[in-house]
Amino acid sequence: MLSERWAVTPLRIFLAILFAVLLLLQVMSLPGQFAHMAQESPEMAHLRWPLTAITVFWVVCAQVVVVCTWKLLTLVSSDRIFTPSSLKWVDVIMWAIAAGWAVLLGVFLVVGFNADDPGLPLLLFLVLTSVTVLGLLMVVMRALLRQATSLRTDMEAVI
């Protein structure tokens, strides 16, 4: 339990910092960046709002993952991680990853079919593959959590 306490507090600090940076991106940096892009490249100005909406959506997905991770850490701290209530937070994480992945797949396809240079599609493919791995890892972790929860419930019933 000592190692868990050692890890939970710094993780919460970094999650809070991450959430704050994501909020800053969401509110100021991304809209400002795409407004600047529209001014600098008027021929690309029509992409300002779609790009802003897509990137803000991805930031919201990341914020959902941060909040759910915080809630799971609370369950770890109170030794309630192996309860059915923890599965709903993992489910929300999986849905957020799936939603972000679906939009990323759409962006990858649009960019891939319209690109003159392979650099951006390759980068998007790398990110898409990484998010796919993360999503599948969450599926496996959820299955492990479900099994551990079931075992703990069975053990408590025996005792």
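Why is the sulfur of Cys68 not in a bond with the closest cysteine sulfur, in Cys61? The two sulfurs are 11 Å apart, which is too far for a bond.

## Cysteines

This is a predicted model. A disulfide is a covalent bond between the sulfur atoms of two cysteines. The count of disulfides here comes to zero. Cys61 is in none, and its nearest cysteine sulfur belongs to Cys68, 11 Å away. A disulfide would need the two sulfur atoms within 2.5 Å, so the cut-off rules this pair out.

Cys61 has 8% relative accessibility and therefore counts as buried. Cys68 is buried too, at 3% relative accessibility. Both cysteines appear among the buried residues of helix α2.

## Helix α2

Helix α2 covers residues 48-77. It has 30 residues. From first C-alpha to last, α2 reaches 43 Å, close to the 44 Å expected at 1.5 Å a residue. Its buried residues are Thr52, Thr55, Val56, Val59, Cys61, Gln63, Val66, Cys68, Leu72, Leu73 and Leu75.

Thr52 sits in this helix. At 7% relative accessibility, Thr52 counts as buried because the limit is under 20%. Leaving aside residues up to four places away in sequence, Thr52 touches Pro31 and Phe34. Thr52 and Phe34 are 18 residues apart along the chain, and their C-alpha atoms are separated by 6.5 Å.

## Helix α1 and a nonpolar patch

Helix α1 runs over residues 2-40 and includes Leu25. Leu25 has 30% relative accessibility, so it counts as partly exposed.

Leu25 also belongs to a nonpolar surface patch. The other members are Ile13, Phe14, Ile17 and Val21. Together, the five residues make a patch of about 450 Å².

## Helix α3 and its packing

Helix α3 spans residues 84-114 and has 31 residues. Its first and last C-alpha atoms are 46 Å apart. The expected value at 1.5 Å a residue is 45 Å, close to that reach.

Which residues of α3 are buried? They are Ser86, Leu87, Val90, Ile93, Ala96, Ile97, Gly100, Leu104, Val107 and Phe108. The buried residues of α3 pack against two helices, α2 and α4 (119-158).

## Salt bridges

How many salt bridges does a search of the whole structure find? There are two.

One salt bridge joins Arg152 and Asp79, with the closest N and O atoms 3.3 Å apart. This pair links distant parts of the chain, 73 residues apart. Arg152 is in helix α4, and Asp79 is in the loop between α2 and α3. Arg152 has a relative accessible area of 26%, so it is partly exposed. Asp79 is also partly exposed, at 43% relative accessibility.

Asp91 forms a salt bridge with Arg142. Here the closest N and O atoms are 2.4 Å apart. Asp91 lies in helix α3 and Arg142 in helix α4, so the pair ties together parts 51 residues apart in sequence. Asp91 is partly exposed, with a relative accessible area of 24%.

## Backbone at Asp79

Asp79 has a backbone feature as well as a salt bridge. Most residues other than glycine have a negative phi. The phi of Asp79 is positive, near 55 degrees, in a residue other than glycine. Asp79 takes this value just after α2.

Where does Asp79 lie? Asp79 lies in the loop between α2 and α3. The salt bridge partner of Asp79 is Arg152.

Technical notes: Residues numbered from 1 in each chain as written. Predicted model: local features only at pLDDT ≥ 70, side-chain atom pairs only at ≥ 80, totals over all residues. Heavy atoms only, no water. Helix = DSSP H or I, 4+ residues; strand = E, 2+ residues; numbered from the N terminus. Buried < 20%, exposed > 50% of the residue type's maximum accessible area, 1.4 Å probe, protein only. Contact = heavy atoms within 4.5 Å. Patch = residues over 30% accessible without salt bridge, like charges linked within 9 Å, V, L, I, M, F, W, Y side chains within 5 Å. Areas by Shrake-Rupley, 256 points an atom, 1.4 Å probe, with all protein chains shown as cover. Salt bridge = Lys/Arg side-chain N within 4 Å of Asp/Glu carboxyl O. Expected span 1.5 Å × (residues − 1).
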